[in-house]
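Please keep the viewer open beside this text and make each selection as it is named, so that each stop can be checked on screen before you move on to the next.

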Amino acid sequence: MYRIITVCTGNICRSPMAQYVLTKALAEAGLAARATVDSAGTSNWEAGRPIDGRAAARLKLAGLPSTGHRARQFLPAWYRERDLILALDIDHYEQLRADAPDEDSLAKVRMFRSFDPALADEEPAAQGIYDPWFGDEADFEASWDMISGAVPGIVQHVRAALAAR
């Protein structure tokens with residue numbers, strides 16, 4: 001099983017949105033039996049809380065239920081257990097890289113939007129998805145669009161990684 005984790009700050013907005021969108025895309029690509037996605041936050045500020053209502057509403061528009069989601073903090077053991085660690089913004093990326101216990105773990109940390117062809121050649125600082133929590137529905141829609149733009153590239157990456165195994 002190829003394991004992916006999406007990571008934002010509190011695990012109530014961006015990372016669960018990315019988790020559910022990517023999970024659906026992998027299923028549609030016929031990879032659900034070979035790849036799985038979960039999510040976490042770099043902090044424990046929101047641990048145990050459900051997904052933000054605005055994020056849940058945007059997911060629901062796409063037919064993606066998220067009622068079972070509960071926020072949790074990224075655990076160091078997951079560096080070993082995950083094949084791909086996707087940071088949603090530059091601060092998550094920098095923290096995950098700084099905390100990586102070894103070079104193998106460091107190599108697993110990527111920016112989520114580094115898989116978006118429009119941003120693939122940009123520096124990580126230019127590939128972030130800003131926190132919609134401070135905004136309104138339009139900010140969640142913008143996050144949705146940024147997440148969606150990277151998903152096909154991630155699916156392609158997973159397909160290639162599985163073929164190389």
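A residue is called buried when its relative accessible area is under 20%, exposed when that area is over 50%, and partly exposed in between. Bear in mind throughout that this is a predicted model.

Select Asp83 to begin: with a relative accessible area of 25%, Asp83 is partly exposed, because that value falls between the two limits of 20% and 50%. Add Arg165, which forms a salt bridge with Asp83, the closest N and O atoms being 2.9 Å apart. Asp83 lies in the loop between H3 and E3, whereas Arg165 lies in the segment after helix H6 (137–164), so the pair ties together parts that are 82 residues apart in sequence. At 55% relative accessibility, Arg165 counts as exposed.

Next, select Arg82 and Asp38, whose side chains meet in a salt bridge at 2.4 Å, N to O. Because Asp38 lies in strand E2 and Arg82 in the loop between helix H3 (78–81) and E3, this pair ties together parts that are 44 residues apart in sequence. Arg82 counts as buried at 2% relative accessibility, and Asp38 is likewise buried, at 13%. If you then add Arg72 and Glu81, you have on screen a network of salt bridges that links them with Asp38 and Arg82. Staying with Asp38 and leaving aside its neighbours within four places in sequence, you will find it in contact with several residues, among them Arg3, Ile4, Ile5, Thr6 and Gln19.

Now move to strand E3 (residues 84–87), where Leu84 and Leu86 point one way and Ile85 and Ala87 the other way, all of them buried. In a regular strand the side chains alternate between the two faces of the sheet. E3 pairs with E1 in the parallel sense over four bridges, and with strand E4 (residues 109–111), also in the parallel sense, over three bridges. Centre the view on Leu86 to see both partners, since Thr6 stands opposite Leu86 and Arg110 in E4 stands opposite Leu86 as well.

From E1, follow the chain into the loop between strand E1 (2–8) and helix H1 (14–28), and select Asn11 there. Although Asn11 is not a glycine, it has a positive phi of about 70°, and its relative accessible area of 0% makes it buried.

For a last stop, select Glu46 and Arg49, whose side chains meet in a salt bridge at 3.6 Å, N to O. Glu46 is buried, with a relative accessible area of 17%, while Arg49 is partly exposed at 48%. The structure holds ten salt bridges.

Terms used:
Residues numbered from 1 in each chain as written. Predicted model: local features only at pLDDT ≥ 70, side-chain atom pairs only at ≥ 80, totals over all residues. Heavy atoms only, no water. Contact = heavy atoms within 4.5 Å. Helix = DSSP H or I, 4+ residues; strand = E, 2+ residues; numbered from the N terminus. Buried < 20%, exposed > 50% of the residue type's maximum accessible area, 1.4 Å probe, protein only. Pairing = 2+ DSSP bridges. Salt bridge = Lys/Arg side-chain N within 4 Å of Asp/Glu carboxyl O.
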